[in-house]
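Student: I've never looked at this structure before. Could you walk me through a few spots in it?
Tutor: Sure, ask away once it's on the screen.

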Amino acid sequence: MTANATSHGHGRPCLITRRATFSASHLYWLPELSADDNRARFGPCSQAPGHGHNYELVVAMLGPLDANGMVLNLSEVKHAIKAEVTAQLDFRCLNETWPEFDLSRPEGRLPTTEALAQVIWSRLASHLPLAGIRLYEAESLWADVLGDTMEAFVSIRTHFAAAHRLAREELSMAENEAIYGKCARPNGHGHNYLLDVTVRGSIDARTGMVCDLAALQQLVEDLVVEPFDHTFLNKDVAHFATCVPTAENIALHIADILSAPIAATGARLHKVRLQESPNNAAEVFAETPQLGLAPQALEAALVG
Ligand SMILES: [Zn+2]
Ligand SMILES: [Zn+2]
């Protein structure tokens, strides 16, 4: 390699991302279902004439650097995303834009977050070296697609407030303080926890859904938020009577609680991310066998 070829990182791989936004409306209504069935399945999302979201799209691209030190010329990336996606969807009703969402066709599907991310992938793939598509419908709901398949990741965000104390019963106060610092103080302290739950599954060819989103939100609410919110974890949640409620242990316990019930919805729990403060977070990958991951979670993930 000449000195010229190695300058500016020429030939070395790099992942780049580009963000774009658009606003669009949609309606969840399948013509083959009765009005009652549409309402029962899709709730308020079935109310005519629809409702809207401010979508945020993040396109990840992978490739080697050119002689100018870039994976791609960003103005070309910006143009491709605008021409192929945002200019076609912005201020429109998704059901009436792309044929993929034309429900009068048997192959049409509802424009859910994950279905939209998947179609965006298929439309951008011939223009850009895609590595991933992330689409936020709201701060509390987003989907990731990592290939030209019907597989998608759906993430929901919720929060709870709880107190805890970090200390091991068998240790002295001095020993606990040496390990956990101020977190070992006897009367505890609290956090506003942000909880992200990510599931993985196949997008249904008609509903456009990886799983019933309302059912997933209800599971997290009933099994985690309701029992954890406004509690002193060490005293109010039985598991933490004997297990130190670090962010890591709370995330693991949440993964253990959610794995089997989520598997019953047809999706798989992929990841639990618990943000304890702006400065620290813990992530547990429920599907990947890892040292220290509770066996129940592994079993549920593998069997499910
Ligand atoms: Zn919506
Ligand atoms: Zn703490």
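Student: Is His 230 buried or exposed?
Tutor: Keep in mind that this is a predicted model. The cut-off for calling a residue exposed is over 50% relative accessible area. His 230 has a relative accessible area of 69%, so it counts as exposed.

Student: What is the phi of His 230, and where does the residue lie?
Tutor: Most residues other than glycine have a negative phi. His 230 isn't a glycine, yet its phi is positive, at about 55 degrees. As for its place, His 230 lies in the loop between helix H6 (213-228) and strand E8 (231-232).

Student: Which loop holds Phe 91, and what is the phi there?
Tutor: Look between helix H3 (74-89) and strand E3 (92-93): Phe 91 is in that loop. With a relative accessible area of 72%, Phe 91 is exposed. Its phi is positive, although Phe 91 is a residue other than glycine, and the value is near 60 degrees.

Student: Which residues does a cis peptide bond join?
Tutor: Most peptide bonds are trans. Here omega is about 0 degrees, and the proline involved is found in the loop between helix H2 (35-42) and strand E2 (51-64). The cis bond joins Ala 48 and Pro 49.

Student: Now the metal. Which residues coordinate the zinc ion (ligand 1)?
Tutor: The donor residues are spaced H-x24-H-x1-H in sequence, and each one offers its NE2 atom at 2.0 to 2.1 Å. The residues are His 26, His 51 and His 53.

Student: How many residues apart are His 26 and His 51?
Tutor: This pair links distant parts of the chain. His 26 sits in strand E1 (residues 13-26), while His 51 belongs to strand E2. In sequence they are 25 residues apart.

Student: Why does His 51 count as partly exposed?
Tutor: Buried means under 20% relative accessible area, and exposed means over 50%, with partly exposed in between. His 26 is at 0%, so it counts as buried, and His 53 is also buried, at 17%. His 51 falls in the range between the cut-offs, because its relative accessibility is 25%.

Student: Which side chain makes a polar contact with that of His 53?
Tutor: His 53 is in strand E2. Leaving out residues up to four places away in sequence, it touches Phe 22, Ser 23, Ala 24, His 26 and Glu 137. The polar contact, at 3.2 Å, is with the side chain of His 26.

Student: How many residues of strand E6 are buried?
Tutor: Strand E6 covers residues 151-164, which makes 14 residues. The strand is mostly covered. The number buried is eleven.

Student: And how many bridges pair E6 with strand E7?
Tutor: E7 spans residues 189-202, and the two strands pair in the antiparallel sense. One of the partnerships is Thr 158 with Leu 195 in E7. The number of bridges is 14.

Student: What joins E5 to E6?
Tutor: Strand E5 (residues 141-145) pairs with E6 in the antiparallel sense over four bridges. Leu 141, for instance, has Ile 156 in E6 as its bridge partner. The link runs through five residues, and it is a hairpin.

Student: Last one: which residue in E8 is the bridge partner of Ala 163?
Tutor: E6 and E8 run parallel, joined by two bridges. In E8, the partner of Ala 163 is Phe 232.

Methods. Residues are numbered from 1 along each chain as its sequence is written. Chains are lettered from A and ligands numbered from 1 in the order in which they are written. This is a predicted model: local features need pLDDT of at least 70, side-chain atom pairs count only at pLDDT 80 or more; totals for chains, interfaces and linings use all residues. Side-chain values use heavy atoms; hydrogens and water are left out. Buried means under 20% relative accessible area, exposed over 50%, partly exposed in between (1.4 Å probe, protein chains only). Two strands pair if DSSP finds at least two bridges between them. Donors are N, O and S atoms within 2.8 Å of the metal (3.2 Å for Na, K and Ca); water is not among the atoms, so sites may look incomplete. A polar contact is a pair of N or O atoms within 3.5 Å; within protein, one must be able to donate a hydrogen and the other to accept it, and residues adjacent in sequence count only if both atoms are side-chain atoms. Contact means heavy atoms within 4.5 Å.
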